[in-house]
Each structure stands twice: as C-alpha cells, then as structure tokens.
Amino acid sequence: RLGALGIGYRVVEMKAPTGGGPSALGRDLTVDVWYPARVAAADKREDYRGSLSSEPPLPRAVFGIPALAVRNAAPIPGSYPLVVVSHGYGNDTVAFSWLGENLASKGYVVAAVRHVDPEYSDRSHFGHVVLRRPLDLVFAARRLQSEGPVAGVIDASRTALLGYSMGGFGVLSAGGATLDPDRKSTRLNSSHLVISYAVFCLKKK
C-alpha cells in the first residue's frame, strides 16, 4: 500500500573522480532517484522505458511501465533515509520503479544505480562486473549524500543498500563481505579479475 506523500522522480548523471586507486576509477553513472515531492493531481506522470538482456541472438527486450511519479517535482523539505538499490545482472532500474515509488511515498529517498553490464554472452568482462558493483554503490551513495538535487533532504546517517541477484552481491561486498579465492566457484570464471579481487579482499581483512 502506498504512503500519503507525493512522488518525485529524477535521473541524476554522475562522473566518478579519476586517480587515487581502485575506488576512484573514472566511471560515468546514471542513477534513477525517487523522493517525497510536491505534486498535484493534474501534473503529468512519468512514463518509464527500459530494456532487459535476451538470450542471443535476440535483441534486448524493450518494455514500458506507467508511473505514479512526476519528473523533477520539487522535493518536500525534510530529512529522509536513503536507500540505494542495485539491480540484477543485465537488468534495468525502472524494473524497480514499484519499489522506488512505494518507499518514496512513505518518506524515503530511493536511488537505483544503472550498472553497465555486458551482455550475457560476453563472459570476458565478468570480472569487471564483480569489481565495479560495490564501488558503484559506495560512490553513488556518497555523491547523493553530499551534492545534487536531493542532497538537501537526505539524512546520510540513515543509509541502506538493497540488491537483487548480482545486486545482492554488490550490497554484501560494499558491506564488507569477501570472496574466498580458494573456492572452486571463484576459479571457474575465466577472468583473472575475480580471483585477484578475492585475494585483495582477503588481504584487507
């Protein structure tokens, strides 16, 4: 059931800083943000468009979702918890619009990161996905807390991460979980980055 607050929606573009180690590798990020907003019944609602990976050789599956949110609506002044959402491999942020809108109507700011994932048929870059997921989440959370159109209504002391499938891995990794380099499942992947990342995590314990 929805809450009593109006729902705003923004697409926020971010660019990570360069230099300073793995956590500062340059990477453009796009983040979908839902938040409590001042909206009127006559305001035009957003019309979400997204796409999902298909089994090769089929093209990506394009879909649309009718929305309750109003794009770029003015935030309702306040201090709201931040929820950062990480979608599954090859998924799309707007597939989580139901969650973003629901939580925003109840007094949360919800930010879904548009992770850039290779197609399912491209296994050569899987290690980059494993490495980037937690870094994307931490960067997006810090940037939203400190600057941008909704920074003034975010309570940075109340921040949560939420993930589905590969997004769940990213959330656990960002929270301090590590990969075991000696596990068979870690070594099955052809990318050396997965093992290197696991060894790096182990050394950081």
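Between which strand and which helix does the loop that holds Gly88 lie? In this predicted model, select Gly88 and follow the chain in both directions: the loop runs between strand S6, residues 80–86, and helix H1, residues 97–104. Gly88 has a relative accessible area of 2%, and because buried means under 20%, this glycine counts as buried.

Now display the surroundings of Gly88, leaving out residues up to four places away in sequence, and you will find that it touches Asp117, Arg133, Tyr164, Ser165, Met166 and Gly167. Of these contacts, take Ser165 next: Gly88 and Ser165 are 77 residues apart in sequence, yet their C-alpha atoms are 4.9 Å apart in space.

With Ser165 selected, you are in the loop between strand S8, residues 154–163, and helix H3, residues 166–174. Is Ser165 buried or exposed? Its relative accessibility is 53%, so Ser165 counts as exposed, since the cut-off for that class is over 50%. Look also at the backbone here, where Ser165 has a positive phi of about 55 degrees although it is not a glycine.

Continue from Ser165 into helix H3, which is mostly covered, with seven of its nine residues buried. To see them, select Met166, Gly167, Gly168, Phe169, Gly170, Val171 and Ser173, which are the buried residues of H3; Met166 and Gly167 are also among the residues that Gly88 touches. Just after the end of H3, stop at Gly176, which takes a positive phi of about 115 degrees.

Next, move to Ser53, whose place is in the loop between strand S3, residues 47–52, and strand S4, residues 61–66. Ser53 is buried, with a relative accessible area of 15%. What does the side chain of Ser53 make a polar contact with? Show the side chain of Arg60, and the polar contact between the two side chains appears at 3.0 Å. Widen the selection, leaving aside neighbours within four places in sequence, and Ser53 is in contact with Gly90, Glu119 and Tyr120 as well as with Arg60.

For the last stop, select Asn72, which sits in the loop between strand S5, residues 70–71, and strand S6. Asn72 has a positive phi of about 60 degrees although it is not a glycine. Its relative accessibility is 44%, so Asn72 counts as partly exposed, whereas Ser53 is buried.

Technical notes
Residues are numbered from 1 along each chain as its sequence is written. This is a predicted model: local features need pLDDT of at least 70, side-chain atom pairs count only at pLDDT 80 or more; totals for chains, interfaces and linings use all residues. Side-chain values use heavy atoms; hydrogens and water are left out. Helices (H or I, at least four residues) and strands (E, at least two) are DSSP runs, numbered from the N terminus. Buried means under 20% relative accessible area, exposed over 50%, partly exposed in between (1.4 Å probe, protein chains only). Contact means heavy atoms within 4.5 Å. A polar contact is a pair of N or O atoms within 3.5 Å; within protein, one must be able to donate a hydrogen and the other to accept it, and residues adjacent in sequence count only if both atoms are side-chain atoms.
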